[in-house]
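Trainee: Could you take me through one part of this protein closely, with the strand that runs through its middle section of sequence as the topic? I would like one connected account rather than a list.

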Amino acid sequence: MFYLIGMKKRNIKILVIVIAVTIGIVLFFNNYIYQDARDIATEKAVYTISAQELIADYENDMQAADVKYLNKTIVVEGKITKVVDSLITINSTIFCTFNNDNQLISVDEVLSVKGRCIGYDELFGEVKLDQCSIKE
């Protein structure tokens, strides 16, 4: 009889531990793994910078520039040098990817573009932004 009572308490402890671990795993996945995508268009820009300054920062010290700009929402001001479908180029060195075609943007326009900095390509000397929008 005592053996059965001891066994039931042990089973209850194991069941409580299993439930606690399961809840912990579910909370971890909901909070850290399955996060909503960022909406860069509605985020406040951390930096507003000219295209020349952004390129100069990366050329002078790429690691420091990555710490400062990488994966952050920034506004880049400069002259549009190329427009192709959903991609524009600012000052021939900053490539901005939009979620839609940019039929209203024309070459030689001076604009401010807001986007997320996704890195610097050392080989081509280019900074890349994605999820871009025109800053008015």
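Mentor: Of the 136 residues of the protein, 29% count as buried, and since this is a predicted model, that share describes the model's coordinates. The secondary structure comes to three helices and six strands, which follow one another along the sequence in the pattern α-β-α-α-β-β-β-β-β. Among contacts between residues at least 6 apart in sequence, 56% join residues at least 24 apart.

The strand to look at closely is β2, which covers residues 73-84 and includes T73. T73 counts as buried because its relative accessibility is 1%, under the 20% limit. The side chain of T73 makes a polar contact with the side chain of E43, at 2.6 Å. Once neighbours within four places in sequence are set aside, T73 is in contact with R38, I40, E43, K44, A45, V46, Y47, K114 and G115, so E43 appears both in that list and as the polar partner of T73.

Further along, V76 is one of the residues that touch the most other members of the largest nonpolar core, a set of 23 residues in which L54, I90, I94 and C96 share that standing. The elements that give two or more residues to this core are the helices α2 (51-60) and α3 (62-69), together with β2, β3 (87-90), β4 (94-98), β5 (110-121) and β6 (126-135). With neighbours within four places in sequence again left aside, the contacts of V76 are I49, S50, A51, L54, I90, I94, L111, S112, V113 and L129.

The strand also takes part in a charge pairing. Side chains of opposite charge can pair when their charged atoms come close. A search of the whole structure finds four salt bridges, and one of them joins the side chains of D108 and K79 at 3.6 Å, N to O. This pair links distant parts of the chain, given that D108 sits in the loop between β4 and β5 while K79 belongs to strand β2, 29 residues apart. D108 is exposed, with a relative accessible area of 52%, whereas K79, at 39%, is partly exposed.

Two other salt bridges may be set beside that one. The side chains of D130 and R116 meet at 2.5 Å, N to O; because D130 lies in strand β6 and R116 in strand β5, this pair ties together parts that are 14 residues apart in sequence. Both D130 and R116 are buried. The side chains of D57 and K68 meet at 4.0 Å, N to O, and with D57 in helix α2 and K68 in helix α3, the pair ties together parts that are eleven residues apart in sequence. D57 is partly exposed, with a relative accessible area of 27%, and K68 is also partly exposed, with 33%.

The surface offers a setting apart from the strand. The protein exposes about 9400 Å², of which carbon and sulfur atoms supply 58%. On that surface I17, V21, I25, F28 and F29 form a nonpolar patch, with about 460 Å² of accessible area together. I17 has its place in helix α1, residues 2-33, and counts as exposed because its relative accessibility is 54%. T73 in strand β2, by comparison, is buried at 1% relative accessibility.

Terms used. Residues are numbered from 1 along each chain as its sequence is written. This is a predicted model: local features need pLDDT of at least 70, side-chain atom pairs count only at pLDDT 80 or more; totals for chains, interfaces and linings use all residues. Side-chain values use heavy atoms; hydrogens and water are left out. Helices (H or I, at least four residues) and strands (E, at least two) are DSSP runs, numbered from the N terminus. Buried means under 20% relative accessible area, exposed over 50%, partly exposed in between (1.4 Å probe, protein chains only). A polar contact is a pair of N or O atoms within 3.5 Å; within protein, one must be able to donate a hydrogen and the other to accept it, and residues adjacent in sequence count only if both atoms are side-chain atoms. Contact means heavy atoms within 4.5 Å. A nonpolar core is a set of buried Ala, Val, Leu, Ile, Met, Phe, Trp, Tyr and Cys residues joined through side-chain atoms within 4.5 Å. Patches are made of residues with over 30% relative accessible area and no salt bridge: like charges are joined within 9 Å, nonpolar side chains (Val, Leu, Ile, Met, Phe, Trp, Tyr) within 5 Å. Accessible areas come from the Shrake-Rupley method with a 1.4 Å probe; for residues, only the protein chains shown count as cover.
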